[in-house]
2 protein chains.
Amino acid sequence: MIGKYTEELLKETQENFIVPAENVATLLYSHPLEHALLILSKVGYAKIPVLDTEDHLVGLIGLSDIVNKMMGLTGFEYRLLEGLTVADVMEVNVPTIQHEEDLEDILHLLVNGSFLPVVNEENVFRGIITRKEVLKSVNHLVHELERRYTLEPKKVEQVKK
Amino acid sequence: MIGKYTEELLKETQENFIVPAENVATLLYSHPLEHALLILSKVGYAKIPVLDTEDHLVGLIGLSDIVNKMMGLTGFEYRLLEGLTVADVMEVNVPTIQHEEDLEDILHLLVNGSFLPVVNEENVFRGIITRKEVLKSVNHLVHELERRYTLEPKKVEQVKK
């Protein structure tokens, strides 16, 4: 469990950590891989979310997923992407969260992914929580904590509880 | 400044956060881009360090740096990489640190980069510090802090100091 004061400091500089959907580059699962390659080479993110036509989150796709499909016998060949779509190479069953206020889950899940998609109860994509935004708040926490509070070690029996 | 107890907890589960050089995929600045593309499509990291023949850190290279070079008038063409080396597309002047115990610097620099190269005073590459390892320690910190310590708000005059 995250303590009350710790959580307050983590949330002090930003109410939540969401980069809203309208500011996130995404692809449709039906997009041709040639288009996906163009988008991914331009956005500067290693992976981006994949949606269906009703904005449900269906997966993630990264530049390396596409480049690997281009590998032919004598090198990389663009024409190997012909006829393929995002759905053919995207990563599915990705972890998501619904409750962006749940710092405990967010901090755990961000150990293994550089961002975390946020969805509503119908799995509609609402945005992402990035390591970058969380690390900004971690900087605030570690700088302010002992400036604002005196820390007193608890007695052993209190800690065990 | 990071307080004493905060820093102790952050460093409790791992002495430092370095992934040592021998466990990090790297490229030589003189490697052909065709080779770099192969390595980067396989390693699963968006960017990796670039070294010279004496292990000095000279830059970083990412998959998107290479894919962008393949963009021709009618699509992506592998042959556009011919004759080019890592040095032609790598990112230079990247932030590094020498003192892996300096948590303050590390936490700040990791807001803007997913990893941070560690070098010695001769700029020889020693390893990387990743957001992943730091976030593991942040999880430990936020869970243990108020389990072990009682936090007492300081008086206003103490905080201002």
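A charge is said to sit over a ring if NZ of Lys or CZ of Arg is within 6 Å of the ring centre and within 35 degrees of the ring normal. Keep that definition in mind for the opening stop of this tour, and remember throughout that the model on your screen is a predicted one.

**Stop 1: a charge over a ring**

Select K4(A) together with Y5(A), and you will find the charged end of K4(A) over the ring of Y5(A), at 4.2 Å from the ring centre. Then move to chain B and select K4(B) and Y5(B), where K4(B) lies over the face of Y5(B), 4.3 Å from the centre of the ring.

**Stop 2: aromatic pairs**

Over all chains, a search of the whole structure finds 4 aromatic pairs. For one of them, select Y78(A) and F76(B), which form a tilted pair with 5.5 Å from centre to centre and 55 degrees between the planes. This pair crosses between chains, since Y78(A) belongs to the loop between strand 6 (75-76) and helix 4 (103-109) of chain A, while F76(B) belongs to strand 6 (residues 75-76) of chain B. Is each partner buried or partly exposed? Y78(A) counts as partly exposed at 22% relative accessibility, whereas F76(B) is buried, with a relative accessible area of 4%.

Return now to Y5(B) and add Y149(B) to the selection, because these two residues also form a tilted aromatic pair, 4.9 Å from centre to centre with 55 degrees between the planes. Y5(B) lies in helix 1 (residues 4-12) of chain B and Y149(B) in strand 9 (residues 149-153) of chain B, so the pair ties together parts that are 144 residues apart in sequence. Y5(B) is partly exposed at 22% relative accessibility, and Y149(B) is buried at 10%.

**Stop 3: salt bridges**

The whole structure holds 16 salt bridges over all chains. Select R148(A) and E12(A), whose side chains meet in a salt bridge of 2.8 Å, N to O. The two residues come from distant parts of the chain, 136 residues apart, with R148(A) in helix 5 (residues 131-148) of chain A and E12(A) in the loop between helix 1 (4-10) and strand 1 (18-20) of chain A. Both are partly exposed, R148(A) with a relative accessible area of 23% and E12(A) with one of 43%.

Keep R148(A) selected and add E144(A), which forms a salt bridge with R148(A), the closest N and O atoms being 2.9 Å apart. Here both partners lie in helix 5 of chain A, 4 residues apart, which is about one turn of the helix, and E144(A) is buried, with a relative accessible area of 14%. Adding R147(A) completes a network of salt bridges that links E12(A), E144(A), R147(A) and R148(A).

**Stop 4: a lysine in the loop**

Which residues does K11(A) touch, leaving out those up to four places away in sequence? Select K11(A), found in the loop between helix 1 and strand 1 of chain A, and you will see that K11(A) touches E101(A) and L103(A). The side chains of K11(A) and E7(A) are joined by a polar contact of 2.9 Å, and K11(A) counts as buried at 19% relative accessibility.

**Stop 5: both chains together**

Finally, show both chains: chain A can be laid on chain B with an RMSD of 0.0 Å by a turn of 180 degrees and a shift of 0.0 Å along the axis. The two copies are therefore related as by a two-fold rotation axis. To find this axis from chain A, select L151(A), whose C-alpha is the nearest to the axis in that chain, 2.4 Å from it.

How values were computed:
Residues numbered from 1 in each chain as written. Chains lettered and ligands numbered in written order. Predicted model: local features only at pLDDT ≥ 70, side-chain atom pairs only at ≥ 80, totals over all residues. Heavy atoms only, no water. Least-squares fit on C-alpha atoms with pLDDT ≥ 70 in both. Salt bridge = Lys/Arg side-chain N within 4 Å of Asp/Glu carboxyl O. Buried < 20%, exposed > 50% of the residue type's maximum accessible area, 1.4 Å probe, protein only. Polar contact = N/O pair within 3.5 Å; in protein donor to acceptor, adjacent residues only side chain to side chain. Contact = heavy atoms within 4.5 Å. Phe/Tyr/Trp six-rings, centres within 6.5 Å; stacked < 30°, edge-to-face > 60°.
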